[in-house]
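Colleague: I should like to learn how to read the features of a structure that is new to me. Might we go through it together?

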Amino acid sequence: MKLLSFLLFIFFSISAHADKSGYYITTNLENSSVTFLGVQTDLDQGYNIKGGYDFPISETFYMSIELEYNNMGAFDYDWADDNEFAKSHIDAHFFGANLKYRAYVFDSDFFITSMFGYGYYYLDMDVNFYLEDGGKGYIANGSQSRSALGLSYGFEAGYDFTEHLALTVGHNIARAIMDGIGYDFGTSYLGLSYKF
């Protein structure tokens, strides 16, 4: 037990208390969903890339400004019954800026972060269907893109392994109004951050 206590003490004491400000780049793998008209759709795995700068507020608190490109993933729907069919494909993207407030806890390299974002959300949709009703057939084939500004907020937690490399996990939610319809996005992610 004494050995375990000693090792934990060393683990938490080896903290790079050097200035953690500077430029960084982060990449994450993520799982997202989009909800509209009361229906939630889970998207395929996506990714995001962020780049920004950390400003020190004190020894343990930092403010960050970053730009983000987020490929939130895609959704495919494929249905067929006799000669009727319906196929659709949706891609979701985000491009914008985030403001973060990061705090290191317990005088260690563990941190928690609150985040607010603002930017454009994009939905690219392809639809192809043939449906019958009362002896009449209805067919459609086309593409449509929608975009709107939206707000997001969320949190992150992570650990600085070295002066340059950190592991982060996080979750954020966002809302954008496109053509009078509210779209709610939820994203959970895991990734690495490199500080220059």
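**Reading the side chains**

Modeller: Let us begin with rings: Tyr-23, Tyr-53 and Phe-55 form one aromatic cluster. Please bear in mind that this is a predicted model.

Colleague: How many aromatic pairs does a search of the whole structure find?

Modeller: The search gives 13 aromatic pairs. In one of these, Tyr-53 and Phe-55 meet edge-to-face, with 4.8 Å from centre to centre and 65° between the planes. An angle over 60 degrees is what counts as edge-to-face.

Colleague: Are Tyr-53 and Phe-55 buried, exposed or partly exposed?

Modeller: Partly exposed covers values between 20% and 50% relative accessible area. Tyr-53 has 27% relative accessibility and therefore counts as partly exposed. Phe-55, at 38%, is also partly exposed.

Colleague: Where is Lys-100 found, and why does Lys-100 count as buried or exposed?

Modeller: Lys-100 belongs to strand β5, which comprises residues 84-104. Buried means under 20% relative accessible area; Lys-100 counts as buried because its relative accessibility is 7%.

Colleague: Which residues are in contact with Lys-100, leaving aside its neighbours within four places in sequence?

Modeller: Contact is judged by heavy atoms within 4.5 Å. With those sequence neighbours set aside, the contacts of Lys-100 include Lys-50, Tyr-62, Met-63, Thr-113 and Glu-156. The side chains of Lys-100 and Glu-156 are also joined by a polar contact of 3.0 Å.

Colleague: Over the face of which residue does Arg-102 lie?

Modeller: Arg-102 is placed over the face of Phe-111, 5.6 Å from the ring centre.

Definitions and conventions: Residues are numbered from 1 along each chain as its sequence is written. This is a predicted model: local features need pLDDT of at least 70, side-chain atom pairs count only at pLDDT 80 or more; totals for chains, interfaces and linings use all residues. Side-chain values use heavy atoms; hydrogens and water are left out. Helices (H or I, at least four residues) and strands (E, at least two) are DSSP runs, numbered from the N terminus. Buried means under 20% relative accessible area, exposed over 50%, partly exposed in between (1.4 Å probe, protein chains only). A polar contact is a pair of N or O atoms within 3.5 Å; within protein, one must be able to donate a hydrogen and the other to accept it, and residues adjacent in sequence count only if both atoms are side-chain atoms. Rings of Phe, Tyr and Trp (its six-membered ring) pair if their centres lie within 6.5 Å; planes under 30 degrees apart count as stacked, over 60 as edge-to-face and the rest as tilted. A charge sits over a ring if NZ of Lys or CZ of Arg is within 6 Å of the ring centre and within 35 degrees of the ring normal.
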